[in-house]
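Here are some short exercises to work through with the model open in your viewer. Try each task before you read its solution.

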Amino acid sequence: MKTLQEIAQGHENYLNIVSTFGGYVNKEDVVQEMYLRIYDHLQKYPDKEINLFYIWTTLRNIYFDIYKEDCKHCDLDIKEFKKVQTSECNKLKEEKLISIENSINDKLEELHYFDKMLFKIYTTTNKSLRTLSDEMNISVRTLHWSIKKTKEYLNNEIGEDYQDYKNNDLELI
């Protein structure tokens with residue numbers, strides 16, 4: 001049976017493994033979280049063997065959990081619009097952000113009521129599609145399709161302005 005110290009000897013290898021998943025998440029954070037999960041696993045199941053495949057799977061799961069949480073709304077980060085009051089941005093940037101938010105709301109109003117409400121519920125709650133599906137008695141596939149189409153529509157309509165805002169090209173908005 002490997003102990004946590006023996007597992008920690010491959011720290012550099014674990015960092016390399018995480019870097020193969022992509023450069024989005026901090027590698028060191030993922031590896032440290034893996035150590036915590038393995039420690040909990042060893043406490044629950046002291047006779048179980050920890051092999052490299054288990055470590056790789058744990059690293060991959062942690063990486064994609066963090067990635068999904070951070071990138072739930074990759075193209076249009078609706079949460080950024082709520083930060084206008086707390087951020088210290090100049091007046092022009094604030095006005096542009098509000099205009100983008102208004103145009104998103106206007107474009108959402110043009111959509112079918114079902115799609116609009118699903119999108120609003122999905123973006124305001126931190127619930128997975130499966131959880132929403134269970135609560136609403138709507139299939140996961142229908143939820144996914146509706147939210148995907150709404151995101152694509154908003155990205156096609158407003159995505160360019162939002163990218164200009166993110167790149168501080170405010171005169172292009």
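**Exercise 1. Find what follows helix α8, and sort the buried and exposed residues of this helix.**

Step 1. Directly after α8 comes N137, with a positive phi near 60°. Helices here are DSSP runs of H or I with at least four residues, numbered from the N terminus. This is a predicted model, in which local features need pLDDT of at least 70 and side-chain atom pairs count only at pLDDT 80 or more, while totals for chains, interfaces and linings use all residues. Residues are numbered from 1 along each chain as its sequence is written, and side-chain values use heavy atoms, with hydrogens and water left out.

Step 2. Helix α8 spans residues 129–136, and its L129, L132 and S133 are buried. Buried means under 20% relative accessible area, exposed over 50%, and partly exposed in between (1.4 Å probe, protein chains only).

Step 3. These buried residues sit on the same side of α8, because their arc around the axis is only 105°. The arc is taken from the directions that run from the helix axis to the C-beta atoms.

Step 4. Turned away from that buried side is a face with the exposed residues R130 and D134. The buried residues of α8 pack against α7 (113–124) and α9.

**Exercise 2. Decide whether T150 is buried or exposed, and list its contacts from further along the sequence.**

Step 1. T150 belongs to helix α9, residues 140–166.

Step 2. Its relative accessibility is 2%, so T150 counts as buried.

Step 3. Set aside the neighbours within four places in sequence; T150 then has contacts (heavy atoms within 4.5 Å) with L108, L111, D115 and F119.

**Exercise 3. Work out which helix gives the most residues to the largest nonpolar core.**

Step 1. A nonpolar core is a set of buried Ala, Val, Leu, Ile, Met, Phe, Trp, Tyr and Cys residues joined through side-chain atoms within 4.5 Å. The largest has 18 residues, and Y14, V31, M34, I55 and L59 touch the most other members.

Step 2. At least two residues of this core come from each of α2 (11–21), α3 (27–44) and α4 (52–70). The helix that gives the most is α3, with six residues.

Step 3. Another core, of 17 residues, lies apart from this one and includes I104, L111, Y122 and I147.

**Exercise 4. Classify the aromatic pairs that F21 forms with W56 and F64.**

Step 1. Rings of Phe, Tyr and Trp (its six-membered ring) pair if their centres lie within 6.5 Å; planes under 30 degrees apart count as stacked, over 60 as edge-to-face and the rest as tilted. This rule gives six aromatic pairs.

Step 2. F21 and W56 have ring centres 5.9 Å apart and planes at 65°, so the pair is edge-to-face. F21 is in helix α2 and W56 in helix α4, so this pair ties together parts 35 residues apart in sequence.

Step 3. F21 is buried at 17% relative accessibility, whereas W56 is partly exposed at 32%.

Step 4. The pair of F21 and F64 is tilted, at 6.1 Å centre to centre and 45° between the planes. F21, F53, W56, Y63 and F64 form one aromatic cluster.

**Exercise 5. Find where pLDDT stays under 50.**

Step 1. The protein averages a pLDDT (the predictor's confidence in each residue, from 0 to 100) of 82, and 84% of the residues score at least 70.

Step 2. The stretch is residues 84–88, for which the model has two contacts beyond four places in sequence. Where pLDDT is low, the predicted coordinates should not be read in detail.
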